[in-house]
Amino acid sequence: MIDLKNLTIEKAHEAMRKGEYTSKDLTEAYLAVISEKDKELHAYLEIYSDVLTQAEKADDKFKDGTATLLTGIPFGIKDNILIEGQIASAASKILENHIASYDATVIKELKGAGAVFLGRTNMDEFAMGSSTEYSAFGPSKNPYDITRVPGGTSGGSTAAVAADMALVALGTETCGSVREPAAFCGVVGLKPTYGSVSRHGVVAMGNSLDQVSPVAKTVREVEIIFDALSKHDENDATSVIEQNRTPKKSNIGKKVGVPWHLFEEELNPEIMENFKSSVEKLKNDGYEIVDIKLPYSKYSLAVYYIIMPAEVSTNLSRFDGARYGLRIEGETVTDMFNKSRSSGFGQETRRRIILGTYILSHGYYDAYYNKAWKVRHAIIKEMNEAFKSIDFIMTPTAPFLPFKLGEKMDDPVAMYLCDLFNAPANLTGTPSIAVPSGFSKEGLPFSVQFTAPHFCEGNLFDIGKKFEIIR
Amino acid sequence: MNIKDVEDLAILSRLDLTTEEKEQLLQNTEGILNYVKVIEGVEVPDIEVEYEQKNVWREDVLRVGEPDFSHDLIVSQFPDSQDGFLKVKKIL
């Protein structure tokens, strides 16, 4: 019996290298857990029919000595990342049966390494939400308490990893969509520096924000995946070229800035207590804790909810029933567009399209969109300034503990507030990692978040690994 | 905002909405705008934005390994087609 609970990429790699078990054995072990738990947790929308064939190919690499760390490692892949020949629906009815016609670059990389894709994980439709409840195919559940949400939009990926239904997973972030569900499911999630990991073949939501983000139980595993995927891609015009990937701050030290003013008042008291004790532990380990002020950052979520819907309304205009996906015929072509989109898009998706269209329309463009960008630049400048005197920014990952299914469905803004602490990193493009930090008295996971300057993921991994030891 | 605004936006975004949906969207949008309009009051100095990025261009030629997509998979997914061409209702 393989101990999936305590398994890591490196342990699995060693075991497979030594011949203790094969990737096929490992994959079958995960499939067994999936058949036992996923009916209830609904982390997956589909398990691929060729899983064992993929594993066998990986086993060949071990036989001929070409196996690397990610060979034979079972992954959950978020439903908005394209794998050629497989359905990629972004959890939307408008793409329910859409088959990807090419591999996302990150998939190509993982295929090259011989990773095994178990299936596509559930998400909020078009990556819009914070709980996976906006999926057109039913919500996923939190493995720690099935009456609660796993977070979102990468809730399927984080639930799968937390419940031993995948060793690791890929999610995506536009605003907290991997860090927040990682917090809710007690796993590690990294949002890399914007431009470090290719967006080619990832269903676009907000082009100035989206990043593929790895999910795993430990910081080291997230590091392994990031190292494999962080490279320039010619097919992604926003991908940073290799020579510009030097860490923005060399000589990172041990100064941790905490913007207490951003969350002192409203935070759940249990989370505050856990956060304070986490900060203490770092202090006792030789980190200097500095109180910092980030006045513009408190507008991050508002800025996000102006810029993102604008980008979404543009990106989702390609889904029109014409070339692929759901088509509902009408009298005219425009009729077809209208009917297909109205049937195919869920409520939250339509909300954001309407909002984005409003924000970009004549008369409001300046007041909302242009102003939001000005504030965004102010937030970026503020964060760059802050990093001159500190090395990391630390906050709780989420302002609440995992909430009950249905609890925030009536109030969109209440749902949006889940990403309050995540937003600055997405707006500024800085890398940020969520690391589990304990459990509440009800057994729900706590999480803390570290943010570093651009391309300083290495430093995030250092502090993350240190925190894993001392927490 | 009023219902007429929502209707205009629906036309622009190519969405057919029921009366109920329009009401709901009006309410939701107003709620969200209420939250985000806080940025109106934010004083931002005229920042000289320094972009580190620059536009990247390439020659318009097929590169090795291109096209990397499956033509067959694309054509097979046309909701309606004729002789390998995508088919829609008449446009003109």
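Biologist: How many bridges join strand β4 of chain A to strand β6 of chain A, and do these strands run parallel or antiparallel?

Modeller: In this predicted model, β4 covers residues 168–173 and β6 covers residues 211–216 of chain A. One of the bridge partnerships places A:Gly171 with A:Ser213 in β6(A). The two strands are joined by 5 bridges, and their direction is antiparallel.

Biologist: Which strands are the edge strands of the sheet in chain A?

Modeller: The sheet is open and is built from 11 strands of chain A with mixed pairing, in the order β1-β3-β2-β4-β6-β5-β10-β11-β9-β7-β8. Neighbouring strands are turned against each other by 30° on average, direction ignored. An edge strand here pairs on one side only, and the two that do so in chain A are β1 (44–47) and β8 (288–291).

Biologist: Which helix of chain A makes a β-α-β unit with β7(A) and β8(A), and is the unit right-handed or left-handed?

Modeller: The strands β7(A) and β8(A) pair in the parallel sense over 4 bridges, and A:Gly257 stands opposite A:Val290 in β8(A). Helix α8 (residues 269–284) of chain A lies across β7 (255–258), β8, β9 (392–396), β10 and β11 (445–451), running at about 50° to β11(A). The helix that joins β7(A) and β8(A) in this unit is α8(A), and the unit is right-handed.

Biologist: At what angle does helix α7 of chain A run to β6(A)?

Modeller: Helix α7 comprises residues 219–229 of chain A and lies across β4, β5 (188–191), β6 and β10 (432–439) of that chain. Relative to β6(A), the angle of α7(A) is about 145°.

Biologist: Why is α2(A) described as roughly antiparallel to α3(A)?

Modeller: Helix α2 (residues 23–41) and helix α3 (residues 51–63) of chain A pack with their axes 8 Å apart, at an angle of about 150°. Because angles over 145 degrees count as such, α2(A) is roughly antiparallel to α3(A). Their crossing is right-handed, and the contact includes A:Leu31 of α2(A) and A:Val51 of α3(A). The contact residues divide into 5 nonpolar, 2 polar and 3 charged, and the angle behind the description is about 150°.

Biologist: Which element gives the most to the side of chain A that touches chain B?

Modeller: The contact takes 43 residues from chain A and 35 residues from chain B. On the side of chain A, the residues divide into 23 nonpolar, 9 polar and 11 charged. The elements giving two or more residues to this side are α9 (300–315), α10 (333–344), α11 (347–359), α12 (365–389) and α13 (412–416) of chain A. With 8 residues, the element that gives the most is α12(A).

Note on methods
Residues are numbered from 1 along each chain as its sequence is written. Chains are lettered from A and ligands numbered from 1 in the order in which they are written. This is a predicted model: local features need pLDDT of at least 70, side-chain atom pairs count only at pLDDT 80 or more; totals for chains, interfaces and linings use all residues. Two strands pair if DSSP finds at least two bridges between them. Axes are lines fitted to C-alpha atoms, for helices over the stretch in contact, and angles run from 0 to 180 degrees between N-to-C directions. Two residues are in contact if their C-beta atoms, placed from the backbone, lie within 7 Å. Ala, Val, Leu, Ile, Met, Phe, Trp, Tyr, Cys and Pro count as nonpolar, Asp, Glu, Lys and Arg as charged, and the others, Gly among them, as polar. A crossover is right-handed if, with the strands pointing away from the viewer, the path from the first strand over the helix to the second runs clockwise. Angles under 35 degrees count as roughly parallel, over 145 as roughly antiparallel, 65 to 115 as roughly perpendicular and the rest as oblique. A crossing is left-handed if the near helix is turned anticlockwise from the far one by less than a right angle, and right-handed if clockwise.
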